[in-house]
Amino acid sequence: MEVKTKSLLDNMIGVGDMVLLEPLSEDSFIENLRKRFDHNEIYTYIGSVVISMNPYKSMLIYSPEKVEEYRNRNFYELSPHIYALADEAYRSLRDQDKDQCILITGESGAGKTEASKLVMSYVAAVCGKGQEVNKVKEQLLQSNPVLEAFGNAKTVRNDNSSRFGKYMDIEFDFKGDPLGGVISNYLLEKSRVVKQPRGERNFHIFYQLLSGASDDTLKKLKLDRDFSKYNYLSLDSAVVNGLDDATSFRTVRNAMQIVGFMEDEVQSVLELVAAVLKLGNIEFKPESRCNGTDESRVKDKNDLKEMCELLGIEQSVLERAFSYRTVEAKLEKVSTTLNVAQAYYARDALAKNLYSRLFSWIVTRINESIKAQAKTRHKVMGVLDIYGFEIFDDNSFEQFIINYCNEKLQQIFIELTLREEQEEYIREDIEWTNIEYFNNAIICDLIENHQNGILAMLDEECLRPGTVTDETFLDKLNTVCAQHQHFESRLSKNSKFLTDHSLPHSCFRIQHYAGKVLYRVEGFVDKNNDLLYRDLSQAMYKANHSLIKHLFPEGNPAKVNLKRPPTAGFQFKASVGTLMRNLQTKNPNYIRCIKPNDKKAPHIFTESLVCHQVRYLGLMENVRVRRAGYAFRQAYEPCLERYKMLCKRTWPHWRGPAREGVEMLMADLQVPAEEFSYGRSKIFIRNPRTLFFLEERRRQCLQDLATLIQKIYRGWKCRTHFLLLKKSQIVVAAWYRRYAQEKKYQKIKRATTVVQSYTRGWQARKLLRELKHQKRCKEAVTTIAAYWHGTQVRREYRKFFRANAGKKIYNFTIQRIMQKYFLGLKSTLPSMSPIDKNWPVRPYIFLDGVHTELRRIFHLWRCKKYRSRFTEDKKAVYEEKLEASELFKDKKALYPSSVSQPFKGDYLEISKNPKYQKLNSSVDEKVLLADVVNKINRANGKGATRILLLTKKNVVLADQKTGQVKASVALPDLTSVSVSTQNDGFFALRLKEGSASAVKGDFLLSSEHLIETITKLHHIGSAASDGEQLNVDIADEFLVQFKQDKVCVKFIQGAPKNGNGASCKRKNNRLLEVSVPASA
Ligand SMILES: Nc1ncnc2c1ncn2[C@@H]1O[C@H](COP(=O)(O)OP(=O)(O)O)[C@@H](O)[C@H]1O
Ligand SMILES: [Mg+2]
C-alpha cells in the first residue's frame, strides 16, 4: 500500500484544523480564521467539518487541475478544501455504500449556494462519464439556474440570495454514476412577491422577463418593458451591478429546455409571472354602501381585464372575489363585503400564493424530469442549502422557523457526530469516556413538542375559535413555556422578579444553542394561518388555464373541504421532521459558511460579524464536541510514515507492523501514556499539544534531514560537476596532448629526416669512399697482381722468351713495315726527272717525317744523278742558264723564251770558219761568245750588223764582212749593262768614264741572244778575281752616254708586228725611242 506522508499539517497557515487549536478560545478561533483568510485560505476544518469563508472574489482554486489534485486523496492529506469534503463524501458513497448528506449552513450571503454548486460540480467532474450520465448531470446542474431565477433575489446581504431552503438528493447507481435527483424546497419567502425591503428586489424572474423577453413575447404577455409600471417591482435597485437580467433570461429559458420543460409549459409559467405583475397593479377604491360600510371596488379595470385574459379567468368572478368573501359554516354560506384594506390583503395573498405555488410546481416539474428512471436501489447524496441561523434586530415568524430548522440541524449534527465518534471508538476498541457537551435537544423540544411546544401553541391559537391575536398567543406561551430554561419573556422574567428592559412586552426570547434571539410576536398568527380566501382560490380554479387550475386544487367546488388547511408552522415542522429523518439515515458532511463582512467586498474581515456567526453557527460547540474525546487520530501507517524520523529505530525503515512502529516511536519520544490510546487501526491523541510536540520535533528533524539531503545533493552535484569537468578535462587534455605530440612528432620527424639525411649522406660518402678505396685497392691489387703475375709469368717464361723479344718483334714489325714501305716505295718511285713532282702517298702517319725526308733525299739524289750525267761544258751551260735565271727571271719578259734555247756561245764557229781566221787570231784568248749583233746607230737609230766576240778580258766588235775589229772594250772598263724589261733584245754597254774605250761612248746593241750574252758578261765579271761585279740594270728608261751627250733610251709598247721585233728610232738628241711589239 502506498503510504502518503503529505498532510494538511504541512505549510499550515494558522491551524488548518480548529480541533488542533491551542489554547481553544473564541478569540484564538477567530484569530485563526482571520489569519487564514488574510492568506487566502478560505477553508478551515473542524475535524471533518469545513468552515468556508466567503472570499467575495474569484479564486483560482476550482480549476480542473485542483479537481484532479483532490481526487481520491485522503481528507487530511491536502490543505482544507470543499473538494476534499466532496471527494470524501462521494468516495464513501461509492465505495462504502453509505448514503451521504452535505449540510451547508450559514447566513445569507455566506456562500452556501456557491458551496452547494461547487460540491455538485466536483461530484459531476469525478463521477462516471457517458452520454446518458452526462445528460443526467447536465439536467441536475441546469436545475440550479431555473430555481435561482424563481427563488433568488437581490437582498442587502446578497445580490443572489436564495429565498427558499433547498434540499437535493442526487441518486447514484452502484458504480457511482448519477441516475437522477429529487429536490425539496422549504419555505419560499413569498412575502417578497408583494413587498421588498429597501435596497432589495423582487425575485429575479420578474426583471429577467421584462429585460430579456422579446417584444413579441412581452406583447403576448401584455407586459411593458418598463419596470416602473409595476407596483410589485421595487425601483430603487431594479438594476444590479454584475447581474445581466437579459442574458440571465436566455440562460434560464435554455436551462428550462435542458431540464425538460415543454414550450407550452414555459409559456404558462411566464403567463403566471405576468399575471402576478398585473395583479400588483390592480388597485381598489372604497365605495360607500347603504349600511354605512365601505366596500372596495377595483379602481382601474384595465389591469384586471388583462390579467383575466392572460389566465383565462372571467373578469367578473375575480372582481367579485376582491369585493366579497364567502364564509361557509356547516351548510350555510354567508357573504361579507371586503373593505379596501381587506381587498389589498386578498390581492397580495393571491399574488403570494400564486407565486409560491408556481415555484413549488416548478420544483415538482423539475423533479419529474430529473427523477431516476431505474427502480433499482440507489445510493443518495443529499445537498442541503438552507438558510442559516438568523438573528436580526427584528425577528419574526420566518426567523423563528428558520432558527428552529437550524436548531434541528445542530441536533442532528451532535447526534451524528457523537454517534460517529462512539462508533469509531468501538471500532477501534478504545474505551468510551463520557463526553461533555451541550445538547440542544431541550431547545428543540421547547419549539416542537406536540403538547406544549411553541409551534403547537401557535397552531392551537390559530385554530381556536374566538378572537385570536398575536398577544393571546404570547399569553399562551407565557403560561405554558415560562418555566422552560431556554424561554424568556417579560412575564416569565417578572415572575422571577427580574426586570430585563431589552425584552419588550410583545416579544419572547429563546436561548438557542447559538445565542439568544428575541422574537416579536406580531404577525405570527397571520403568517402561520397563511390564509387565502376561498373565493379567490375558487376563482382561480375556474380559470381557463391548465396550470392555474392545477395550482389551486382546493378551489374545486366538488371537493369543498371545510377543514382548515394545515398551518405554515405545522407544514414546516412536518417537512423538517421528514428532512431530519431523511438526514439521520445518511452520513452527514458539514459545510459551514461564514461571511467575512457586510460589504460583499473581498479582503475585509469584520471581526464582530465573524464572531457573531461563529457563535450562532455553534462552531465553538462544534470544536468542543469534536475534541471531547481525542482531538486527533490517525491511521498507523501514515502516522509512522510521518514521524518515523523521530526515532532511530524506526528510521529510515520500519520492517514490522505499523502499530508496533508507532508504539516504539511513542515510547522512544516518552509521550505520557494518558495522552494517547492505541486503537485497532489508528492512534488517538488526546491533546493537540501532543500532536504539535510531534510536529515540532518533526520540523526540527526535517531541517536536519533537509540539511542532510542538501549535503548529499550538493556533494552529488559537485561530484557530478567535478566528474563532468574531469571528463571534459581529459578530453581536452587528450586533444591537446594529441596536438602537442603531433607537433612534437612532426618536429622530431623533420629533425630525424634531416639527421637521417645527413647520416645517410655521411654513410653514403663513407661507403663511397670505402668503395672507391676498395675499387682502388682492387685495381691496385689487379695491377699489382698483373705486374706480379707478369713478373711471375715473365720469370717463369723467361726461359721461353728472349728478354728483348718485344723489342725485337717491334723492331721486326717495324722493319717489316719499313721493308714493305721501302719496297713499295721502290716500285712506285717517280721518274728520275728532277722536275717530276709526283711522290707516292704516305702509308703510315709515323712515317710522315721519313716520307718527306725520303722525298727530299730522292729528289736530291735524282738531281745529283742528273747532274752527274753532265759534262764540264754542259755544266757550264747550265750554270750560265742558272745565272741567267737569277738575273732575269721575272724581270725581263724575254727571259722565258730563252730558257729552252741552249747557250751555244760560238754561233759563228769562228775557229773553224776560215773567214774569221784573221779575226780569231787577233784575239789572244778563247772566244767565249761569237755572235752577230746589231749595233744601233747613235745618230738615227738604225742598226748595223757586227760580230760580237767575248773573251775573258774583252768585248770585241768586228765587222761581219771583213772581220775587222771595230772596237774592243776591256771588260774592266764596263760598268754596267742596261736592258729593258720587255721582250726585246736591246742592251746598252756602259763604259767607265775616262777609260780608253769610252771615247766613242757607250754601245747600244741588239742581239738575238740577249739573255746568253748578258749572262756570260755577268759571269765573266764575277769570275774575275779582281774584277768588280758587272751591274745589270733592268729598266724601260735608261741613259746612254753618246760621246758627250747623254741620250735617254725609252722603251714603249708598240702594236704587234710580224717579223723582226723592235724598231728603234732617234726622236731627238736626247731621246731614243724603242718600240717593242706586244707579244701575242
Ligand atoms: N467560494 C466562493 N468564491 C467566490 N465567491 C463566492 C464564493 N462563495 C460565495 N461567493 C460570493 O458570494 C455571493 C453570495 O454567495 P451565495 O452562495 O449566494 O450565498 P448564500 O447562498 O449563502 O446566500 C455569491 O454571489 C458570490 O459572489
Ligand atoms: Mg443561497
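In this predicted model, the side chain of Arg-192 reaches the backbone oxygen of Arg-201 at 2.9 Å. A polar contact of 2.7 Å also joins the side chain of Arg-192 to that of Glu-200. Arg-192 belongs to helix α6, which covers residues 191-194, and its relative accessible area of 2% makes it buried, since the cut-off for burial is under 20%. A comparable look can be taken at Asn-440. This residue sits in the loop between α14 (397-428) and α15 (441-448), and its side chain extends to the backbone oxygen of Glu-407 at 2.8 Å. With a relative accessibility of 0%, Asn-440 counts as buried.

Attention turns next to the ligand. The shell around ligand 1 holds 16 residues, of which Asn-54, Gly-109, Lys-112, Thr-113 and Glu-114 come nearest. Three of these residues offer polar atoms to ligand oxygens. An N or O atom in the side chain of Thr-113 is 2.5 Å from an oxygen atom of ligand 1, and a polar side-chain atom of Asn-54 lies 2.7 Å from a ligand oxygen. For Lys-112 the partner is a polar backbone atom, at 2.8 Å from an oxygen atom of ligand 1. The ligand taken alone exposes 550 Å², and the protein buries 83% of that area. Among the elements of the fold, helix α4 (residues 112-126) gives the most to this shell, with 3 residues. By residue class, the shell divides into 8 polar, 4 nonpolar and 4 charged residues.

Salt bridges are a further feature of the model, and their count comes to 62. Side chains of opposite charge can pair when their charged atoms come close. One such pair is formed by Asp-394 and Arg-520, with an N to O separation of 3.2 Å. This pair links distant parts of the chain, 126 residues apart: Asp-394 is in the loop between β12 (379-385) and α14, whereas Arg-520 is in strand β15 (residues 515-520). Both ends have some access to the surface: Asp-394 is partly exposed at 46% relative accessible area, and Arg-520 is partly exposed at 32%. Another bridge connects Asp-848 with Arg-842, the closest N and O atoms being 3.1 Å apart. Here Asp-848 is partly exposed, with a relative accessible area of 40%, and Arg-842 is likewise partly exposed, at 33%.

A buried setting is found for the bridge between Glu-1012 and Lys-1016, whose side chains meet at 3.0 Å, N to O. Because these residues are 4 apart in helix α33 (residues 1010-1023), about one helical turn separates Glu-1012 from Lys-1016. Glu-1012 counts as buried at 2% relative accessibility, and Lys-1016 counts as buried at 7%. Elsewhere, salt bridges join into a network that links Glu-107, Arg-157, Lys-595 and Asp-598.

The backbone also deserves a friendly second glance. Most residues other than glycine have a negative phi, and most peptide bonds are trans. Against that background, Asp-97 has a positive phi, near 60°. Asp-97 is placed in the loop between α3 (82-96) and β3 (100-106) and is partly exposed, at 42% relative accessibility. Asp-429 also has a positive phi, of about 65°, although it is not a glycine. Its place is in the loop between α14 and α15, and a relative accessible area of 52% makes Asp-429 exposed, the cut-off being over 50%. Two cis peptide bonds can be described as well. The bond from Glu-22 to Pro-23 is cis, with omega near -5°, and Pro-23 is found in the segment before α1 (26-38). The bond from Trp-651 to Pro-652 is cis too, with omega near 0°; Pro-652 is in the loop between α25 (636-643) and α26 (658-669).

Finally, the surface carries a nonpolar patch formed by Ile-709, Tyr-713 and Trp-716, which together have about 370 Å² of accessible area. Of these residues, Ile-709 lies in helix α27 (residues 688-797). Ile-709 is exposed, with a relative accessible area of 57%.

Note on methods. Residues numbered from 1 in each chain as written. Chains lettered and ligands numbered in written order. Predicted model: local features only at pLDDT ≥ 70, side-chain atom pairs only at ≥ 80, totals over all residues. Heavy atoms only, no water. Near = heavy atom within 4 Å. Polar contact = N/O pair within 3.5 Å; in protein donor to acceptor, adjacent residues only side chain to side chain. Areas by Shrake-Rupley, 256 points an atom, 1.4 Å probe, with all protein chains shown as cover. Helix = DSSP H or I, 4+ residues; strand = E, 2+ residues; numbered from the N terminus. Nonpolar A, V, L, I, M, F, W, Y, C, P; charged D, E, K, R; others polar. Patch = residues over 30% accessible without salt bridge, like charges linked within 9 Å, V, L, I, M, F, W, Y side chains within 5 Å. Salt bridge = Lys/Arg side-chain N within 4 Å of Asp/Glu carboxyl O. Buried < 20%, exposed > 50% of the residue type's maximum accessible area, 1.4 Å probe, protein only.
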